[in-house]
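User: I'd like to go through the labels people attach to a structure and see what backs each one up. Can we take them one at a time?

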Amino acid sequence: MIDSTKLTRDQCRKAFGDNLTYRDVTPNDVRALQGFLCIEYARHERNGNHMEMQPSYRKKTEPQITVSEKTGRSIQSAFLFVSGFYFHGREAISFNEDGYIGFAGWADDTNIQPFLRAFMRWLVEWMGIRRVAYRSASANALASGLAPAC
């Protein structure tokens with residue numbers, strides 16, 4: 001999708017912070033993010049990065065979502081995990097209670113890309129964010145729906 005553009009963790013945090021807060025994110029939204037991650041894991045594999053990543057559904061690493069007591073519908077925190085052919089239950093994306101959003105802290109600049117692409121797609125396609133700053137014109141075209149999704 002945005003293979004020619006290397007996104008950064010900070011770009012994703014900024015895109016979220018400029019447009020949303022945890023009050024805007026429901027447990028259903030986090031489950032949708034899991035779906036975007038699945039698509040990007042598969043794309044990463046198809047593009048020759050053989051990690052065979054998939055969501056982690058073991059009891060101790062299944063998605064963990066805590067609903068805010070204040071709102072009763074938005075998240076207070078959420079943690080999504082990923083497994084691969086040689087690892088299980090690593091951080092995929094975390095919405096920490098203090099407001100920090102973590103992105104696969106274990107991943108290098110190549111293997112982080114499916115997580116960041118999934119997050120940006122989620123912001124644009126699911127959360128309805130229209131103004132997301134990317135690095136390149138091709139990525140901006142993609143965010144506005146002008147570029148192909150492959």
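Here is a short back-and-forth on those labels.

Analyst: Quick housekeeping: this is a predicted model, where local features need pLDDT of at least 70, side-chain atom pairs count only at pLDDT 80 or more, and totals for chains, interfaces and linings use all residues. Numbering runs from 1 along each chain as its sequence is written, and side-chain values use heavy atoms, with hydrogens and water left out.

User: What pattern does the protein follow along the sequence?

Analyst: It reads α-α-β-β-β-β-β-α-α, so four helices and five strands. Helices (H or I, at least four residues) and strands (E, at least two) are DSSP runs, numbered from the N terminus.

User: Why is S68 called buried?

Analyst: Its relative accessible area is 12%. Buried means under 20%, exposed over 50%, and partly exposed in between (1.4 Å probe, protein chains only), so S68 counts as buried. S68 sits in the loop between β2 (64-67) and β3 (75-84). Across the protein, 48% of the 150 residues get the buried label.

User: And what makes N96 partly exposed?

Analyst: N96 comes out at 22%, and that falls between the two cut-offs, so partly exposed it is. N96 lies in the loop between β4 (87-95) and β5 (101-103).

User: Which residues does N96 touch, not counting those up to four places away in sequence?

Analyst: Y22, Q76, S77, F79 and G102, where contact means heavy atoms within 4.5 Å. F79 is 17 residues from N96 along the chain, and their C-alpha atoms are separated by 7.7 Å. S68, with the neighbours within four places set aside, contacts R73, S74, I75 and Q76.

User: Why are α1 and α3 called roughly parallel?

Analyst: The axes of α1 (residues 9-19) and α3 (residues 113-126) cross at roughly 15° and come within 10 Å. Axes are lines fitted to C-alpha atoms, for helices over the stretch in contact, with angles from 0 to 180 degrees between N-to-C directions. Under 35 degrees is roughly parallel, over 145 roughly antiparallel, 65 to 115 roughly perpendicular, and the rest oblique. So α1 and α3 are roughly parallel.

User: Which residues make that contact?

Analyst: R9, Q11, C12, A15 and F16 from α1, with L116, F119, M120, W122 and L123 from α3. By class that's eight nonpolar, one polar and one charged. Ala, Val, Leu, Ile, Met, Phe, Trp, Tyr, Cys and Pro count as nonpolar, Asp, Glu, Lys and Arg as charged, and the others, Gly among them, as polar.
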